[in-house]
Amino acid sequence: MRNKCVQMSLYDIYNEVSESIEENKPELVRILEEHIDFDELIPVRFKSAFYKRMGRSHKYDLESFIRFFVLQKVLGIPSDSLMISILKCSAELRRFCGFDKVPDASQFTRFREQYSDYLANMFEYLVDITEPVCREIDSKKADYLIYDTTGIELPVAENNPKFMSAKLKEAKKLAKKDPEFDPYKGVYSLLPDRSHTNPDARQQYINGHFCYAAKAGIVTNGLGIPRHIVLFDEKFKNDHPELAFEKSSDPDSDKELGDSKTLKPVLSDFFSAHPNMSFSTFIGDSAMDSYDNYTILKNDFHFSRMCIPLNPRNSKTSNVDFDASGTPLCPYDGSPFTYLGKSGGKNRSVRFKWVCPKSEQTGNTRSCTCDHPCTDSSYGKCVYTYPDKDLRLYPGIPRNTVHWDNLYRHRVTIERTINIFKDTFVLDSRKSHRSVSAKADIFLAGIVQLLGVLLADSLNKRHLFKSIRKLIA
């Protein structure tokens, strides 16, 4: 009887401990386990490649590695070694990852290097899954496509402040011989084009400073949800030789020219990967302001509106009828005409209507109040502009209007997404200088961002679709 009672007591204790562990799981672990099916979200080709290499008697599962990296990005842990130490101290997080024994750091490094392309494939798979959710959250903003480039600074020797200081001293010596030589601008020409350690770490001018970084392109919708990511490594540049251009003495101009050239190859790859997707509006910064880009966006990618500010490097002197933004001007005092809206009838081209700035609406009629009218019409001078005539000046939406300003404000969302990648998901705190590792990390950041969208939808908290940390807090 005593042994029986002891056995029953141990059984009861075991049940109580198990129930306690289950009930007191960290909120993060509980929510991820209940609402994210990792096995379903990993593409079949990714599984086939992993288990073909690891064999049947594998020690660690693919899903365990994915859970590890997702947890690392969500928690903002900058290094694998620190994340490993956390797992060793937390049985709950080890169980969530599925590790009986935590692998060493070298295995996570090899995983990034061997499966970076498959992580990109997983990201593309999640883009397709999250697209309907984005359309349900806000169909209008989800129909915008925004593109920008950024640089991921790599820990190479050229990013050491001492290296830059040495080059600046060399430029100052040249300035002593030539008083007209600006050492701070001239140092740009003294810097090597790329890092000796990693050729993909190219010299860039980012946020007002020189550095050596791996350049990446990010495409989001108007909600700021990433739709496409590309790292401009040697493989990508070999596939797109049109990206090559000669370096000049102006870093700002080089950056704008480089960004403009990447637009077509990036969007071509995006729509090839997602042929069923379409967007009506493209938004980009002034670096994309190229005559060819407007034609490409309209004819090749079928955007009806291109919201891109004019860049002075492409602007010629305005004629007497229009300003640099394509707004008609008064022939007498040069004041801009008033935009009245889009007009057009059956079998007629779309056109924009502009009237004299001194023409006023009174009831159902409009009359010109100018003391020296330039037309005999009491209505006032009326001008029509045709968007198809000059896509740069008339990119499907009139420039310098309230509508234009409201639309272009959405471009800031991609800046916020890039900041989330670099700050929240610690891309700027990377320890590896290798491009393939940087590629894996940027796609892992995109994967976690998209998991946040699925989590927000599952929890009925769609207003938190961009903040996965608030969802699990």
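These exercises work through the helix packing, core, aromatic pairs and selected residues of a predicted model.

The model is predicted, so local features need pLDDT of at least 70 and side-chain atom pairs count only at pLDDT 80 or more, while totals for chains, interfaces and linings use all residues. Numbering starts from 1 along each chain as its sequence is written, and side-chain values use heavy atoms, with hydrogens and water left out.

**Exercise 1. The whole chain**

State how many helices and strands the chain has, and what percentage of its residues count as buried.

*Solution.*
- Step 1: The secondary structure comes to 17 helices and 11 strands. Helices (H or I, at least four residues) and strands (E, at least two) are DSSP runs, numbered from the N terminus.
- Step 2: Of the 473 residues, 46% count as buried. Buried means under 20% relative accessible area, exposed over 50%, and partly exposed in between, with a 1.4 Å probe and protein chains only.
- Step 3: Take the contacts in the chain with a separation of 6 or more: residues 24 or more positions apart account for 66% of them. Contact means heavy atoms within 4.5 Å.

**Exercise 2. Helix 4 against helix 5**

Classify the crossing of helix 4 and helix 5, then list the residues that make the contact.

*Solution.*
- Step 1: Two packed helices are described by the angle between their axes and the distance between the axes.
- Step 2: The axes of helix 4 (residues 44-54) and helix 5 (residues 62-75) come within 10 Å and cross at roughly 110°. Axes are lines fitted to C-alpha atoms, for helices over the stretch in contact, and angles run from 0 to 180 degrees between N-to-C directions.
- Step 3: Helix 4 and helix 5 are therefore roughly perpendicular. Angles under 35 degrees count as roughly parallel, over 145 as roughly antiparallel, 65 to 115 as roughly perpendicular and the rest as oblique.
- Step 4: Helix 4 contributes Phe46, Lys47, Phe50 and Tyr51, and helix 5 contributes Leu62, Phe65 and Ile66.
- Step 5: By class, this contact has six nonpolar, no polar and one charged residues. Ala, Val, Leu, Ile, Met, Phe, Trp, Tyr, Cys and Pro count as nonpolar, Asp, Glu, Lys and Arg as charged, and the others, Gly among them, as polar.

**Exercise 3. The largest nonpolar core**

Find the residues that touch the most other members of this core, and the helix that gives the most to it.

*Solution.*
- Step 1: A nonpolar core is a set of buried Ala, Val, Leu, Ile, Met, Phe, Trp, Tyr and Cys residues joined through side-chain atoms within 4.5 Å.
- Step 2: The largest core has 121 residues, and Ile66, Phe111 and Phe303 touch the most other members.
- Step 3: Helix 16 (residues 435-458) gives the most, with 14 residues.
- Step 4: Leave aside neighbours within four places in sequence. Ile66 is then in contact with Phe38, Ile42, Phe46, Phe111, Leu119 and Met122.

**Exercise 4. Aromatic pairs**

Count the aromatic pairs, then work out what two of them tie together.

*Solution.*
- Step 1: Rings of Phe, Tyr and Trp (its six-membered ring) pair if their centres lie within 6.5 Å; planes under 30 degrees apart count as stacked, over 60 as edge-to-face and the rest as tilted. The count comes to 33 aromatic pairs.
- Step 2: Phe38 and Phe96 are edge-to-face, at 6.2 Å centre to centre and 75° between the planes.
- Step 3: Phe38 lies in helix 3 (residues 38-41) and Phe96 in helix 7 (residues 91-97), so the pair ties together parts 58 residues apart in sequence. Both Phe38 and Phe96 are buried.
- Step 4: Phe123 and Phe443 are also edge-to-face, at 5.7 Å and 65°. Phe123 lies in helix 8 (residues 105-137) and Phe443 in helix 16, so this pair ties together parts 320 residues apart in sequence.

**Exercise 5. Two loop residues with positive phi**

Decide whether His302 and Val426 are buried or exposed, and place each in its loop.

*Solution.*
- Step 1: Most residues other than glycine have a negative phi.
- Step 2: Phi of His302 is near 60°. His302 lies in the loop between helix 13 (291-300) and strand 6 (305-307). At 59% relative accessibility, His302 counts as exposed.
- Step 3: Val426 has a positive phi of about 50°. Val426 lies in the loop between helix 15 (412-424) and helix 16. With a relative accessible area of 12%, Val426 is buried.
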